[in-house]
Structure formats: structure tokens, C-alpha cells
Amino acid sequence: MFGVFVPVLLLLLPVASVSSPSRPPPRYCRRCCDHLDLPINPASPPAAYQTPEIRTVINMTILKGEKGDRGDRGTPGKAGVDGPPGFRGVTGPKGSKGESGAPGDPCKIQQSLFSVGRRKALHSADYYQTLVFDTVFVNLGEHFNMFKGKFYCFVAGVYFFNINIHTWNFKETYLHLMHNDRAQVILYAQPSDRSIMQSQSVMLPLELNDEVWVRLYKRERDNAIYSDNADIYITFNGHLVAPKV
């Protein structure tokens, strides 16, 4: 009887002391709202349930208050770089006529006059030739250019001009009194066995910078005017009659 009991005891001891290697470790239940970073020791029992912390978040964008007062103006910034010039604008409409100016000084009288002469005789060598003078009697304001033989208008208005010449025996005398590039009047004398004095006068309206001068015109015959070094037979005169209003 004793010999049978001992083997049975030996077989029960290994079974009670050795655990099965294939058994998985115990797992504990976790709610989805529990913090994931909390360490959990599998050997310890699950912690008691904790109430989650509730935080109130207020959207400040929906709590808009009343508009405040306008703040003070800030300090102006630095001027920027100049841009490129723009295109030229359209010409504006013509303005209205201005008021009349104050009356001028009655003591100021506009004047322009000259009187020049020539001592030397002249034979026309070209088809057209300007008559130049060598003697000055009057040249107020130097309006007559002695080098060019022309009068230049510095005061617009009406002028009187006069030309006097002495003809040459048996030669034709043909002159034009010129206003700019246009012949206004002619001084002409046919060839004759005696010489005579000839004169021509005219009044012309002039604008600023207009020119008045005398031109010799040569045709088939010799064109000449007489004079000598002792006396003056050739004169050209002009003066302002009425300034332009």
C-alpha cells in the first residue's frame, strides 16, 4: 500500500510548479478617453477610473464689441522713389479772354524812324541786288541795319517810307521797295540824255520783325543810279505813323 502512494505524489509536484510557456500575459481593459501616455504595469491591477478634465474654450472672434474711437495719425513715412513721367495729357479747352490791362503811361510814346543816304554811285551787276547805304542821318533805336541795308520793325504799326535817287544819263533806273520778300512799289526812269531826280513813297502796315529794303532790278539794259563822293543824291527814309492797337 505504501509503495503505491509514493509515485503518485511525485507526479503531482512537477505539474503544480511549472507554468505553461504558451499562455499569454493578462490584459486589462482601457477606455478610449484614457491618456495614452500613462504607463501601465501589467503586473499591477488596473487603476480606478478618473473623471477627465474639462476645459472651456471661448471663440473671441464671435464676441465683437463696438467700434472704438479713431486713433492719432502716425508719423508720415519717407517719400518713395519718383516714378517715370506719365504721358502728355490732352490739350485743354481755350480759356476765356482776360480783362483789359491798365492804361499805359501817357508820357511813353512809341517811336521808330530812320534816314540814311549813299554817296557812291552804283551799277547793278546781278539780276537782283540790295541797295546798301553808307551815311546815317537818323537811326532811332538802331532799327535800320546799315550792314544789310534793311529796316527791321520793332514796333508794329503803320509806317511811311520814301526813296529818292538820281538817274544816270542814257541808263535805265529800276528799283523795288520791298516788304519782306515782296515788291510793293517801283521806282523807274527810262534812259535819257539828261539825268533827273526820282522819288517814290508808300505807307505800309508792319508786324514785328518785318523787313523793308530797296532792291535794284536789272533787265536787258544797264541799271544804274548816280551819285558822287561830294554830295548825296540817294536817300531812304521811314518812320512810324501809328502804332498797332
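Contacts, surface and salt bridges of the predicted chain

Among contacts in the protein chain between residues at least 6 apart in sequence, 71% join residues at least 24 apart. The model described here is predicted. The protein chain contains one helix and 13 strands. Along the sequence, the helix precedes the strands, in the pattern α-β-β-β-β-β-β-β-β-β-β-β-β-β.

The protein chain has 245 residues, of which 25% are buried. About 19800 Å² of the protein chain is exposed, and 57% of this area is supplied by carbon and sulfur atoms. On the surface, L113, F137, V138 and L140 make a nonpolar patch of about 310 Å². One of these residues, F137, is placed in strand β4, which covers residues 135–139. F137 has a relative accessible area of 45% and is therefore classed as partly exposed, since the partly exposed class lies between the buried limit of 20% and the exposed limit of 50%.

Two salt bridges were found in a search of the whole structure. One of the pairs consists of E211 and K150, whose side chains meet with an N to O distance of 3.3 Å. This salt bridge links distant parts of the chain, as E211 belongs to strand β11 (residues 211–217) and K150 to strand β6 (residues 150–152), and the two residues are 61 residues apart. The relative accessible area of E211 is 21%, so this residue is partly exposed. K150, in contrast, has a relative accessible area of 19% and is buried, because the buried class comprises values under 20%.

A salt bridge is also formed by K244 and E207, with the closest N and O atoms 3.0 Å apart. K244 is located in the segment after β13 (234–243), while E207 is located in the loop between β10 (197–206) and β11, so this pair ties together parts of the chain that are 37 residues apart in sequence. With a relative accessibility of 52%, K244 counts as exposed, because values over 50% fall in that class. For E207 the relative accessible area is 40%, and this residue is therefore partly exposed.

Strand β11 thus enters the description of both pairs: E211 lies within β11, and E207 lies in the loop between β10 and β11.

Terms used. Residues are numbered from 1 along each chain as its sequence is written. This is a predicted model: local features need pLDDT of at least 70, side-chain atom pairs count only at pLDDT 80 or more; totals for chains, interfaces and linings use all residues. Side-chain values use heavy atoms; hydrogens and water are left out. Helices (H or I, at least four residues) and strands (E, at least two) are DSSP runs, numbered from the N terminus. Buried means under 20% relative accessible area, exposed over 50%, partly exposed in between (1.4 Å probe, protein chains only). Contact means heavy atoms within 4.5 Å. Accessible areas come from the Shrake-Rupley method with a 1.4 Å probe; for residues, only the protein chains shown count as cover. Patches are made of residues with over 30% relative accessible area and no salt bridge: like charges are joined within 9 Å, nonpolar side chains (Val, Leu, Ile, Met, Phe, Trp, Tyr) within 5 Å. A salt bridge is a side-chain nitrogen of Lys or Arg within 4 Å of a carboxyl oxygen of Asp or Glu.
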